[in-house]
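Trainee: Could we go through the open and closed spaces in this one together?
Mentor: Gladly; let us put it on the screen and begin.

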Amino acid sequence: MLSFFKRTPTKTGYAETLEKLRKEFYDRWERNISSSSEGLRQFQRTKTLGAGSFGRVFLVQHNKTKQFFAMKVIDKIRIIKTKQVEHTLYEKKILESAKFPFLISLEYAFKDNSYIYLLMPFINGGEMFTHLRRNHKFDENLSKFYAAQVLLALEFLHYCDVIYRDLKPENILVDMKGYLKIADMGFCKIVKGRTWTLCGTPEYIAPEIILSKGYGKAVDWWSYGVLLFEMSAGHPPFTSSDPMKVYEKIISCKYKPPASFTFELTDLIRNLLQIDLSRRFGNLRNGTADIKGHRWFHHINFEGIYNRQVEPPFTPKIKGPADTSNFDDFPDTDLKISNHNLFHDQFEAF
């Protein structure tokens, strides 16, 4: 099988790029960037883009530059109650440290008496999940284009010793030109050995997490295999209305590829959905080269993808920079800001 480096004209070019990006990542990480001098008054809120247990995400526009951003608002009280202060700070540091073409990045961060605010570019093409739901499934050409970008993003994170741990279509955004941005760094963690935290979405969790064996970067390659399956089938390989039954299917690795899958796609998924870590692609001696060199990726120019030189097979319909038609509707709500600085000491590092 051909590897990525054998297919490209500069054999060490991308390896050198990864090394440079890794150094920049740790330079920013060690710098411990403090909150921006920008504040909530510098932004005009226009629409709610999402809501969850963590807080809400709003579309906002900067008053001076007129740029649009997705503003994640996290309630301090909620963070304290769930004992997630360190976890939330970690998310902020990952967002401001990881700069890569297919990862969302932090543009502004600030806080007030009640909330933590994380502002990222507004990616107005919507979630991959939304487009997958509309189309029922992607054709293999589009799945391959998306899979190549996710592969490069995971490769970069792993090169920085970061495990992503929450790969799924809901956490992948499509930009106005048809390229991807992986969002939501909430479960990311720098791990140089093993970790034991149970986290992730049931259908995407690797068996070693379920079995509490301790795990490393290989869990992301299992999730990557699940993503390849769902993009091309329209549903994950392990499904049930009962999460425990999902876990049982994962542990036994019982799934059935649709007849529409090509032999190459089925084979790559089989090599990713391996319970035995010594056989799981991405975790072997050749690392990501085993995936990049697989026959399913035979015609993919990874260097061209990294440089965004490949024409996307699909471009979302977007009317303008503030178009939210690719996002679900959520009821708007006001932010209730306390007159007192809540938990000042606990959030001083922000």
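**Pockets, a cavity and a helix**

Mentor: In the largest pocket, the lining divides by class into 24 nonpolar, twelve polar and 13 charged residues, and please keep in mind throughout that this is a predicted model.

Trainee: What volume does the largest pocket have?

Mentor: The volume of the largest pocket comes to about 1500 Å³. Its lining counts 49 residues, of which Phe-54, Lys-72, Glu-91, Asn-171 and Asp-184 are the closest to the centre.

Trainee: And which elements each supply at least two residues of that lining?

Mentor: Among them are three strands, S1 (43-52), S3 (68-75) and S5 (115-121), together with the helices H3 (76-81), H4 (85-97) and H5 (128-135). Of the elements, H4 gives the most to the lining of the largest pocket, with six residues.

Trainee: OK, how about the second largest pocket, how much space lies in there?

Mentor: The second largest pocket holds about 260 Å³ of space. It is lined by 15 residues, and the closest to its centre are His-158, Lys-217, Trp-221, Gly-282 and Gly-287. Two or more lining residues come from each of helix H6 (140-159), H8 and helix H11 (289-292), and H6 gives the most, with three residues.

Trainee: How does the lining of the second largest pocket divide by class?

Mentor: For the second largest pocket, the lining has five nonpolar, seven polar and three charged residues.

Trainee: Switching to closed spaces, how many cavities of 30 Å³ or more does the structure hold?

Mentor: The structure holds one cavity of that volume or more, and the largest cavity has a volume of about 60 Å³.

Trainee: Which residues line the largest cavity?

Mentor: The lining includes Arg-165, Asp-166, Leu-167, Cys-199, Tyr-204 and Ile-209, as well as Val-219, Asp-220 and Ser-223. By class, the lining of the largest cavity has six nonpolar, three polar and three charged residues, and the largest share, three residues, comes from H8.

Trainee: H8 again, then: is it mostly covered or exposed?

Mentor: H8 is mostly covered, since 16 of its 16 residues are buried.

Trainee: And what span should H8 have, at 1.5 Å a residue?

Mentor: The 16 residues of helix H8 (residues 218-233) should span 22 Å at 1.5 Å a residue, and because the end C-alpha atoms are 23 Å apart, the two values agree.

Trainee: Which residue follows H8?

Mentor: Gly-234 follows H8, and the phi of Gly-234 is positive, near 90°.

Notes. Residues are numbered from 1 along each chain as its sequence is written. This is a predicted model: local features need pLDDT of at least 70, side-chain atom pairs count only at pLDDT 80 or more; totals for chains, interfaces and linings use all residues. Side-chain values use heavy atoms; hydrogens and water are left out. Helices (H or I, at least four residues) and strands (E, at least two) are DSSP runs, numbered from the N terminus. The expected span of a helix is 1.5 Å times one less than its number of residues. Buried means under 20% relative accessible area, exposed over 50%, partly exposed in between (1.4 Å probe, protein chains only). On a 1 Å grid over the protein atoms alone, a cavity is a set of points where a 1.4 Å probe fits but cannot get out, and a pocket is an open set with protein on both sides within 12 Å along at least five of seven lines; lining residues have an atom within 4 Å of a point. Grid points are joined across faces, edges and corners, and a volume is the space filled by probe spheres set on the points. Ala, Val, Leu, Ile, Met, Phe, Trp, Tyr, Cys and Pro count as nonpolar, Asp, Glu, Lys and Arg as charged, and the others, Gly among them, as polar.
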